[in-house]
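Thank you for asking me to look over this entry. My notes are set out below as numbered points, meant for someone who has not met the structure before.

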Amino acid sequence: MTEISNKKAYFDYEILETYETGIVLTGTEIKSIREGNVNLKDSYGVIRNNEIYLLNMHISEYKEGNIFNHEEKRTRKLLLHKKEILKIKDKVALEGITLVPLKLYFNKNKVKILLGIAKGKKVYDKRESIKKRDTEREIRKQFKY
């Protein structure tokens, strides 16, 4: 099955909490996702009228689709319980907190998105992440020999 992850989100943000959400899609979007033609890189979530929407998620047009093909970067509604949305709304009210999609995957033939409540990292935090990754790589390299 297809699983698309947003690796850049883990580098740019510190993930505080995650939620598994459903998403409202059309038929050609599902077919395009099954082929793996999705990009989560610049997408983010917003709360409007007590509902959560995902903006800038790029799903390429389905090549076999006809005039009913979908718009590539349209706003898509995320499906969560009302209590979860209110919890998220309270947390997002804090400054510097955003909603970032971390992973898109299939669960029992339904498309799910792992939505993360994230806080942006500063430049020095990113340098620290790079340094940590490099040292772990060196350690793994030493154990191979």
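The points below take up the basis of the model, its cores, its strand pairing and its salt bridges.

1. This is a predicted model, in which local features need pLDDT of at least 70 and side-chain atom pairs count only at pLDDT 80 or more, while totals for chains, interfaces and linings use all residues. Residues are numbered from 1 along each chain as its sequence is written, and side-chain values use heavy atoms, with hydrogens and water left out.

2. The largest nonpolar core (a set of buried Ala, Val, Leu, Ile, Met, Phe, Trp, Tyr and Cys residues joined through side-chain atoms within 4.5 Å) has 23 residues, and those that touch the most other members are I23, I33, V38, I52, M57 and L104. At least two residues of this core come from each of strand 2 (13-23), strand 5 (51-55), helix 3 (82-92), strand 8 (97-107) and strand 9 (110-120), where helices (H or I, at least four residues) and strands (E, at least two) are DSSP runs numbered from the N terminus. Another core, of six residues, lies apart from it and includes A9, L102, Y105 and A118.

3. Once its neighbours within four places in sequence are left aside, I33 is in contact (heavy atoms within 4.5 Å) with T2, L25, V38, I59, L104, F106 and V111.

4. Strand 9 pairs in the antiparallel sense with strand 2 over nine bridges and with strand 8 over ten bridges, two strands being paired if DSSP finds at least two bridges between them. Within strand 9, L114 is the bridge partner of E20, and G116 stands opposite V100. The hairpin of strand 8 and strand 9 has two residues between the strands, and in it K108 takes a positive phi near 55 degrees.

5. The structure holds nine salt bridges, each a side-chain nitrogen of Lys or Arg within 4 Å of a carboxyl oxygen of Asp or Glu. One of them joins the side chains of E29 and R74 (2.9 Å, N to O); because E29 lies in helix 2 (residues 27-34) and R74 in the loop between strand 6 (58-59) and strand 7 (76-79), the pair ties together parts that are 45 residues apart in sequence.

6. E29 also meets R76 in a salt bridge (2.9 Å, N to O), and this pair links helix 2 with strand 7, 47 residues apart. Both E29 and R76 are buried, whereas R74 is partly exposed, with a relative accessible area of 22%; buried means under 20% relative accessible area, exposed over 50%, and partly exposed in between (1.4 Å probe, protein chains only).
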